Amino acid sequence: MRHQQVIQRKVERTTTKFTGTVTCKGGSSRGIVKDLSEAGICFQLYFDINARTGQDVSIESNEFGHLTGAVQWYRGDRIGIRLDPSSNTSAQISSYFKYFR
């Protein structure tokens, strides 16, 4: 019998499915925001942009506007983005949860 690993997260994630654009040093790609929290985003890319751990990125979406962060991880066509902690980021994410959820 396989044992499934349970990951404890510091901040609860909300499953989402809306489009946006991620830009980094390697390029830019549209894609889908798969989940969202106040601390980060899981983004599924349409095109490979050679994102690497630690690289700065910017994210644009109609749902939350412009955010910045850094690549936390990348696996195939998905990247995890750690959002820059700021009052502006918190306000934009809170606004998304209030109006779009």
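Three aromatic pairs are found in this structure, which is a predicted model. One of them joins Phe18 and Phe64, whose ring centres are 5.7 Å apart with 70° between the planes, an edge-to-face arrangement. This pair links distant parts of the chain: Phe18 belongs to strand S1, while Phe64 sits in the loop between strand S4 (56-61) and strand S5 (65-75), and the two are 46 residues apart. Phe18 and Phe64 are both buried.

Another ring pair consists of Tyr96 and Phe97. Their ring centres lie 5.4 Å apart and their planes meet at 65°; planes over 60 degrees apart count as edge-to-face, so the pair Tyr96 and Phe97 is edge-to-face. Tyr96 and Phe97 are both buried as well. The four residues Phe18, Phe64, Tyr96 and Phe97 make up one aromatic cluster.

With the cluster located, the overall fold can be read. The protein chain contains one helix and six strands. Along the sequence, their order is β-β-β-β-β-β-α. The chain has 101 residues, and 42% of them count as buried. Among contacts with a separation of 6 or more, 43% are between residues 24 or more positions apart. The chain exposes about 6800 Å², of which carbon and sulfur atoms supply 47%.

The next stop is the helix. Phe97, already met in the cluster, lies in helix H1, which covers residues 87-99. Is Phe97 buried or exposed? Its relative accessibility is 18%, and the cut-off for buried is under 20%, so Phe97 counts as buried. Leaving aside residues up to four places away in sequence, Phe97 touches Thr14, Leu36 and Ser37. Thr14 shows how sequence and space can differ here: Phe97 and Thr14 are 83 residues apart in sequence, yet their C-alpha atoms are 9.1 Å apart in space.

Gln92 is also found in helix H1. Gln92 has a relative accessible area of 16% and is therefore buried. What does Gln92 touch, not counting residues up to four places away in sequence? The residues in contact with Gln92 are Phe64, Gly65, His66 and Leu67. For Phe64 there is a further detail: its backbone oxygen lies 2.7 Å from a polar atom of the Gln92 side chain. Phe64 thus appears twice in this account, as a partner of Phe18 in an aromatic pair and as a residue touched by Gln92.

Charged side chains come next. How many salt bridges does the structure hold? It holds one. The partners are Asp35 and Arg13, with their closest N and O atoms 3.4 Å apart. Asp35 lies in strand S2 (residues 27-36) and Arg13 in the segment before strand S1 (14-24), so the salt bridge ties together parts that are 22 residues apart in sequence. The two partners can be compared by their accessibility. Asp35 has a relative accessible area of 15% and is buried, whereas Arg13, with 33%, is partly exposed.

One more charged residue is placed against a ring. Arg75 lies over the face of Trp73, at 4.2 Å from the ring centre.

Methods
Residues are numbered from 1 along each chain as its sequence is written. This is a predicted model: local features need pLDDT of at least 70, side-chain atom pairs count only at pLDDT 80 or more; totals for chains, interfaces and linings use all residues. Side-chain values use heavy atoms; hydrogens and water are left out. Helices (H or I, at least four residues) and strands (E, at least two) are DSSP runs, numbered from the N terminus. Buried means under 20% relative accessible area, exposed over 50%, partly exposed in between (1.4 Å probe, protein chains only). Contact means heavy atoms within 4.5 Å. A salt bridge is a side-chain nitrogen of Lys or Arg within 4 Å of a carboxyl oxygen of Asp or Glu. A polar contact is a pair of N or O atoms within 3.5 Å; within protein, one must be able to donate a hydrogen and the other to accept it, and residues adjacent in sequence count only if both atoms are side-chain atoms. Rings of Phe, Tyr and Trp (its six-membered ring) pair if their centres lie within 6.5 Å; planes under 30 degrees apart count as stacked, over 60 as edge-to-face and the rest as tilted. A charge sits over a ring if NZ of Lys or CZ of Arg is within 6 Å of the ring centre and within 35 degrees of the ring normal. Accessible areas come from the Shrake-Rupley method with a 1.4 Å probe; for residues, only the protein chains shown count as cover.
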